[in-house]
Amino acid sequence: MTERLRAVIADDQALVRTGFRMILAADGIDVTAEAADGEEAVAAVRRTRPDVVLMDIRMPRMDGLEATRRILADGAEDTRVLILTTYDLDHYVYAALAAGASGFLLKDVTPEHLVAAVRLVRSGDALLAPTITRRLVERFARHDTVRPDLHRDLSRLTPREVDVLRLLATGLSNAELADRLTLSMATVKTHVARILSKLGLRDRVQAVVVAYETGLISPGGFPQEPGRARGPADR
């Protein structure tokens with residue numbers, strides 16, 4: 001039998017924790033602990049070693065950003081962190097992604113999306129939606145002064161790997177990358193794995209950060225959705 005997925009929920013609102021616990025439990029996901037602040041979250045991860053942590057950003061004593069840094073710097077290599085945020089996208093989310101979080105969810109996420117997201121990041125993938133990724137980078141990356149230093153030397157990459165990284169950073173899936181570059185899925189997966197390995201990155205989310213910070217992609221460089229004009233909300 002496949003080992004059951006294990007999660008920790010960190011949020012200072014008891015109702016949020018209870019709701020998420022019920023949703024995850026109904027889908028066979030074990031919630032090994034709950035935490036009302038960042039310090040409790042770090043302790044819970046050290047104690048239970050979950051597969052995924054649902055991490056709120058704004059919590060007392062220690063916020064979710066610092067808790068994410070400590071968890072991922074604490075040797076919890078198999079633990080993935082999903083950031084919980086509001087519709088307006090807290091500017092600390094960018095720093096949390098740079099610190100190694102594997103994606104983020106809006107707090108009004110549907111039960112189906114919540115479960116799918118937890119299972120997705122547990123599999124080693126990253127939760128990246130092109131529209132929200134573009135908004136996040138364009139709105140906050142230039143102004144964020146608390147992000148960790150993720151600069152990498154892109155000279156380690158082959159020209160083809162640079163092309164893959166540039167497109168990957170726009171939020172394209174492996175299938176979309178394969179279609180755009182006329183490559184097989186297996187070849188795309190190999191390129192992505194080599195990019196992450198050569199640059200010492202945890203997952204695709206950090207690849208987005210590196211692509212921005214090295215100038216490989218810049219604000220305004222993300223593709224526009226078909227049939228949609230850019231408006232003030234996207235700037």
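Is D56 buried or exposed? In this predicted model, D56 has a relative accessible area of 4%. Residues count as buried under 20%, so D56 is buried. The residue belongs to strand β3, which spans residues 52-56. An unreviewed UniProt entry places the feature "modified residue: 4-aspartylphosphate" at D56. When neighbours within four places in sequence are left aside, the contacts of D56 are A10, D11, D12, G64, L84 and K107.

The chain as a whole contains 10 helices and five strands. Of its 235 residues, 50% are buried. Among contacts between residues at least 6 apart in sequence, 70% join residues at least 24 apart.

The five strands form an open sheet with parallel pairing, in the order β2-β1-β3-β4-β5. The edges are taken by β2 and β5 (103-106), each of which has a single partner strand, so one side of each is left without a neighbour in the sheet. On average, neighbouring strands of the sheet are turned by 25° against each other, direction ignored. Two helices can be described by their packing on this sheet. Helix α2 (residues 38-48) touches β1, β2 and β3, and its direction makes about 150° with that of β2. Helix α3 (residues 64-72) packs on the sheet through β3 and β4 (80-85), and its direction makes about 155° with that of β3. G64, a contact of D56, falls within the residue range of α3.

Strand β1 (residues 6-10) is mostly covered, with four of its five residues buried. Its pairing with β2 (residues 30-35) is parallel and extends over five bridges. In this pairing, R6 has D30 of β2 as its bridge partner. Between these two strands the chain passes through helix α1 (residues 14-26), and the resulting β-α-β crossover is right-handed. Strand β1 also pairs with β3, again in the parallel sense, over four bridges. Here I9 stands opposite L54 of β3. In a regular strand, side chains alternate between the two faces of the sheet.

The nonpolar interior includes separate cores. The largest has 27 residues, and those with the most contacts inside it are L154, L157, L165, L177, V192 and L199. The elements that give two or more residues to this core are α4 (92-98), α7 (159-168), α8 (174-181), α9 (185-199) and α10 (204-213). Another core, of 26 residues, lies apart from it and includes V42, V45, M62 and L65. Of these, V42 and V45 fall within the residue range of α2, while L65 falls within that of α3.

Helix α10, one of the contributors to the largest core, is mostly covered, as 10 of its 10 residues are buried. The buried residues are R204, V205, Q206, A207, V208, V209, V210, A211, Y212 and E213. The helix is followed by G215, whose phi is positive, near 85°.

How values were computed. Residues are numbered from 1 along each chain as its sequence is written. This is a predicted model: local features need pLDDT of at least 70, side-chain atom pairs count only at pLDDT 80 or more; totals for chains, interfaces and linings use all residues. Side-chain values use heavy atoms; hydrogens and water are left out. UniProt positions are given in the numbering used here, feature names are shortened, and annotations may be inferred rather than shown by experiment. Buried means under 20% relative accessible area, exposed over 50%, partly exposed in between (1.4 Å probe, protein chains only). Contact means heavy atoms within 4.5 Å. A nonpolar core is a set of buried Ala, Val, Leu, Ile, Met, Phe, Trp, Tyr and Cys residues joined through side-chain atoms within 4.5 Å. Two strands pair if DSSP finds at least two bridges between them. A crossover is right-handed if, with the strands pointing away from the viewer, the path from the first strand over the helix to the second runs clockwise. Axes are lines fitted to C-alpha atoms, for helices over the stretch in contact, and angles run from 0 to 180 degrees between N-to-C directions.
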